[in-house]
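Reader: Could you take me on a close look at one part of this model? I would enjoy a connected account, going from single residues out to their surroundings.

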Amino acid sequence: MSLNDLIPELESRPAGYVLLSADGTYRYKGSCRNLVRRMQDHHAGRVSKTKNRRPLSLLHIKYFDDYTEARRQEPYFKSGTGRAWL
């Protein structure tokens with residue numbers, strides 16, 4: 001399912017997330033304060049690391065109560081253990 005189709009189903013809260021490029025070769029790992037707004041930015045091409053890799057699909061989301069917790073999730077996704085888990 002495309003990223004744009006998923007945006008209405010997402011919650012506007014802090015989250016850690018992983019996006020997958022259309023060709024399946026690139027995974028973008030990130031965290032944000034407002035997941036809906038951030039996905040809109042990715043979809044519109046306002047994020048430099050993903051604008052040339054669109055269309056994107058959402059591979060994984062984990063919601064948190066605050067941004068500090070979400071920010072801690074991003075390094076895990078980027079670690080060897082996190083990459084293996086994904």
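Author: Happily; what follows is a walk through one strand and its surroundings. Please keep in mind that this is a predicted model.

Let us begin with the sheet. Three strands make up an open sheet, arranged in the order 2-1-3 with antiparallel pairing. Strand 2 (27-32) and strand 3 (56-63) are the edge strands; each has a single partner strand, so one side of each has no neighbour in the sheet. On average, neighbouring strands here are turned by 20° against each other, direction ignored.

Our strand of interest is strand 1, which covers residues 15-21. Its link to strand 3 consists of seven bridges, and the two run antiparallel. To put names to one of these pairings, leucine 19 in strand 1 has leucine 58 of strand 3 as its bridge partner.

Now to a residue of this strand, valine 18. Its relative accessible area is 0%, and because the cut-off for buried is under 20%, valine 18 counts as buried. What surrounds it? Beyond residues up to four places away in sequence, valine 18 touches Arg27, Tyr28, Lys29, Ser57, Leu58, Leu59, His60, Phe77 and Leu86. One of these contacts, serine 57, is 39 residues away from valine 18 in sequence, yet their C-alpha atoms are 8.8 Å apart in space.

Serine 21 also belongs to strand 1. With a relative accessibility of 5%, serine 21 is buried too, since the limit is under 20%. Setting aside neighbours within four places in sequence, the contacts of serine 21 are Tyr26, Arg53, Pro55 and Leu56. Leucine 56 sits 35 residues from serine 21 along the chain, with 4.8 Å between the two C-alpha atoms. The side chain of serine 21 is also worth a look: one of its polar atoms lies 3.4 Å from the backbone nitrogen of threonine 25.

Finally, let us step back to the helices around the sheet. Helix 2 (residues 35-44) lies across strand 1, strand 2 and strand 3, and runs at about 20° to strand 1. Helix 3 (residues 67-78) packs on the sheet as well, where it touches strand 1, strand 2 and strand 3. The direction of helix 3 makes about 165° with that of strand 2. To return to where we started, Phe77, among the contacts of valine 18, falls within the residues 67-78 of helix 3.

Conventions:
Residues are numbered from 1 along each chain as its sequence is written. This is a predicted model: local features need pLDDT of at least 70, side-chain atom pairs count only at pLDDT 80 or more; totals for chains, interfaces and linings use all residues. Side-chain values use heavy atoms; hydrogens and water are left out. Helices (H or I, at least four residues) and strands (E, at least two) are DSSP runs, numbered from the N terminus. Buried means under 20% relative accessible area, exposed over 50%, partly exposed in between (1.4 Å probe, protein chains only). Contact means heavy atoms within 4.5 Å. A polar contact is a pair of N or O atoms within 3.5 Å; within protein, one must be able to donate a hydrogen and the other to accept it, and residues adjacent in sequence count only if both atoms are side-chain atoms. Two strands pair if DSSP finds at least two bridges between them. Axes are lines fitted to C-alpha atoms, for helices over the stretch in contact, and angles run from 0 to 180 degrees between N-to-C directions.
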